[in-house]
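Visitor: I'm new to this one. Could you show it to me and let me ask how you arrive at the words you use?
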Amino acid sequence: MARVLVIFAHPAFERSRVNRALVAAARATEGVTVHDLYEAYPDYLIEVRDEQRLLESHDAVVLQHPFFWYSSPAIVKEWLDLVLTYRWAYGEDGTALRGKVLAQAISAGGPELAYKRGGLNHFSVRELLAPFEQTARLCGMGYAEAFTVHGAHHLDAAALVAESQRYQAWLGALRDGASPLWLPTP
Ligand SMILES: Cc1cc2nc3c(=O)[nH]c(=O)nc-3n(C[C@H](O)[C@H](O)[C@H](O)COP(=O)(O)O)c2cc1C
């Protein structure tokens, strides 16, 4: 059973509906640890060695966040910039993440059909996530098919329950090594 680490980021959690439901579902899933970046680092002063140790003690890493300008909230970028260091995550002797799996769990305001050629957002979610997929590749990680919730502003209470259950199943598959991978583990 893989140990799954959810790195969660939402800069306005008090206003969140979708991620609030999803993060509660993650916390209730066996074998899943949730680490809330804005809660831990409201000042963005990330403790690099603590974060690296957390990553070292897990096998799969999920970046869970709302889609902001076709990417992540800023603290996720700061976290990647600081934590994935040369000679630890990549480069000479940089093997700490090798063989682990990276994945993303994203809520998007836009509907699924907006994320294609001819649609409002032109690119698919997978295309827009290319920098994350390539980060996984450089670090010798696999990259799992993303969990996406579309039309985030139009989900009623019943839909939020359904999406939470779907998220738990997706996390369970990651934990049990049954997730489809967009990029296989090398
Ligand atoms: C700064 C900002 C940027 C956003 N960019 C996107 C985007 O690029 N694509 C999209 O589909 N939705 C975008 N949204 C909508 C959010 O993804 C949506 O509000 C969020 O997923 C809802 O989840 P929550 O209930 O947890 O806040 C954006 C929202 C904000 C505030």
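Guide: Here is a short chat about two helix pairs and a ligand in a predicted model.

Visitor: Why is α1 called oblique to α7?
Guide: Look at the angle: the axes of α1, residues 18-27, and α7, residues 157-175, cross at roughly 40° and come within 9 Å. Angles under 35 degrees count as roughly parallel and 65 to 115 as roughly perpendicular. The crossing falls in neither range, so α1 is oblique to α7.

Visitor: Which hand does the crossing of α1 and α7 have?
Guide: α1 passes α7 in a right-handed crossing.

Visitor: What makes the contact between α1 and α7?
Guide: From α1 come Val-18, Ala-21, Leu-22, Ala-25 and Ala-26, while α7 brings Leu-160, Glu-163, Ser-164, Tyr-167, Gln-168 and Leu-171. Sorted by class, that contact has eight nonpolar residues, two polar ones and one charged one.

Visitor: And why are α3 and α4 given the word they get?
Guide: Helix α3 (residues 48-56) packs against helix α4 (residues 74-83) at about 90°, and their axes are 10 Å apart. The range for roughly perpendicular is 65 to 115 degrees. The pair sits inside that range, so α3 and α4 are roughly perpendicular to each other.

Visitor: Which residues meet there, in α3 and α4?
Guide: Val-48, Glu-51, Gln-52 and Leu-55 of α3 meet Trp-79, Leu-82 and Val-83 of α4. By class, you get five nonpolar, one polar and one charged.

Visitor: On to the ligand. Which residues come nearest?
Guide: There are 17 residues around the ligand, and the nearest are His-10, Ser-16, Tyr-70, Ser-107 and Tyr-115.

Visitor: How do you know that Tyr-115 makes a polar contact with the ligand?
Guide: A polar side-chain atom of Tyr-115 is 2.6 Å from an oxygen atom of the ligand. The cut-off for a polar contact is a pair of N or O atoms within 3.5 Å, so this pair counts.

Visitor: What about Trp-69 and Gly-110?
Guide: Both use backbone atoms. A polar one of Trp-69 is 2.8 Å from a ligand nitrogen, and a polar one of Gly-110 is 2.9 Å from a ligand oxygen.

Methods. Residues numbered from 1 in each chain as written. Predicted model: local features only at pLDDT ≥ 70, side-chain atom pairs only at ≥ 80, totals over all residues. Heavy atoms only, no water. Axes fitted to C-alpha atoms, helices over the stretch in contact; angles between N-to-C directions. Helix = DSSP H or I, 4+ residues; strand = E, 2+ residues; numbered from the N terminus. Parallel < 35°, antiparallel > 145°, perpendicular 65-115°, else oblique. Left-handed = near helix turned anticlockwise from the far one by under 90°. Contact = heavy atoms within 4.5 Å. Nonpolar A, V, L, I, M, F, W, Y, C, P; charged D, E, K, R; others polar. Near = heavy atom within 4 Å. Polar contact = N/O pair within 3.5 Å; in protein donor to acceptor, adjacent residues only side chain to side chain.
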